[in-house]
Amino acid sequence: MKLIVGNKNYSSWSLRGWLVAKQSGLVFEEITVPLYSDEFEAEREGGELSPSSGKVPILWDEEVVVWDSLAILEYLADKVGRERYWPKDDVARGMARSMVAEMHSSYQALRSECPMNVRRRFDGFEPSEAAKRDMLRILQLWAEARSRFGSGGPFLFGTFGAADIFYAPVVSRFISYQVPVPGFAAAYMQAVWEHDWMKAWVAASENEEWVIEQYETQTA
């Protein structure tokens, strides 16, 4: 099994796919194809990225090919059991699935104004009203999950799972753009940031040599 990802510093969806694969407990080969590079274009046109029209992450499991991080999660959950990703309690699982789906389809202002850039810290960032609404909505969801279902550990539903995986890039964005958050959210973000897999991803991103200029100038 192999997982193809983009630059660790910039690719939020690659981070999700990679965490999903790590959470499965299965052995996989990791292949990084730098975004917008000649190698990326070649793989997109006729290589291993072509089934996904050049989107990362993409998972190959022998003859099976799965792209989109949510599809990768569902595919691997079928292989290893949904309990690795989702809460056992029906009520908690319903909320966790809804939060993941909302993250997958929403928050366009936040995505646009705050591209993921793990290495950078932006001073003086002032989000638009639309981005502020996205941030507030996310904080409200985090607060509800933690208060209702978080007693078993420091993560949204206690133990690390799909919801934390899908909001991990948001944690990175909030840190990079120095978004002020209440204490409970700061504690949750610290737990995510200090997770062993996140520390490995962050360390790898800091060692990357690739720079995408359009994501290095987002200061407002």
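Student: Leaving aside neighbours within four places in sequence, which residues is N117 in contact with?
Tutor: Keep in mind that this is a predicted model. N117 has its place in the loop between α5 (108-113) and α6 (129-149). Leaving out anything within four places in sequence, its contacts are N9, Y10, F122, S176, Y215 and E216.

Student: And is N117 buried or exposed?
Tutor: Buried means under 20% relative accessible area. The relative accessible area of N117 is 0%, so N117 counts as buried.

Student: How do the axes of α1 and α7 cross: parallel, perpendicular or oblique?
Tutor: Helix α1 (residues 12-24) and helix α7 (residues 162-176) have axes that come within 8 Å and cross at roughly 135°. That angle makes α1 relative to α7 oblique.

Student: What kinds of residues make up the contact of α1 with α7?
Tutor: On the α1 side you'll find S12, W13, L15, R16, L19, V20 and Q23, and they meet I165, F166, A168, P169 and R173 in α7. Sorted by type, the residues of this contact come out as eight nonpolar, two polar and two charged.

Student: Over to the sheet, then. Which strands stand at the edges?
Tutor: The sheet is open, with four strands in the order β2-β1-β3-β4 and mixed pairing. Each edge strand has a single partner, so one side of it is left without a neighbour in the sheet; the edge strands are β2 (29-32) and β4 (64-67).

Student: Which residue in β4 does W60 stand opposite?
Tutor: Strand β3 (residues 58-61) runs antiparallel to β4, joined to it by four bridges. Opposite W60, in β4, stands V65.

Definitions and conventions:
Residues numbered from 1 in each chain as written. Predicted model: local features only at pLDDT ≥ 70, side-chain atom pairs only at ≥ 80, totals over all residues. Heavy atoms only, no water. Axes fitted to C-alpha atoms, helices over the stretch in contact; angles between N-to-C directions. Helix = DSSP H or I, 4+ residues; strand = E, 2+ residues; numbered from the N terminus. Parallel < 35°, antiparallel > 145°, perpendicular 65-115°, else oblique. Contact = heavy atoms within 4.5 Å. Nonpolar A, V, L, I, M, F, W, Y, C, P; charged D, E, K, R; others polar. Buried < 20%, exposed > 50% of the residue type's maximum accessible area, 1.4 Å probe, protein only. Pairing = 2+ DSSP bridges.
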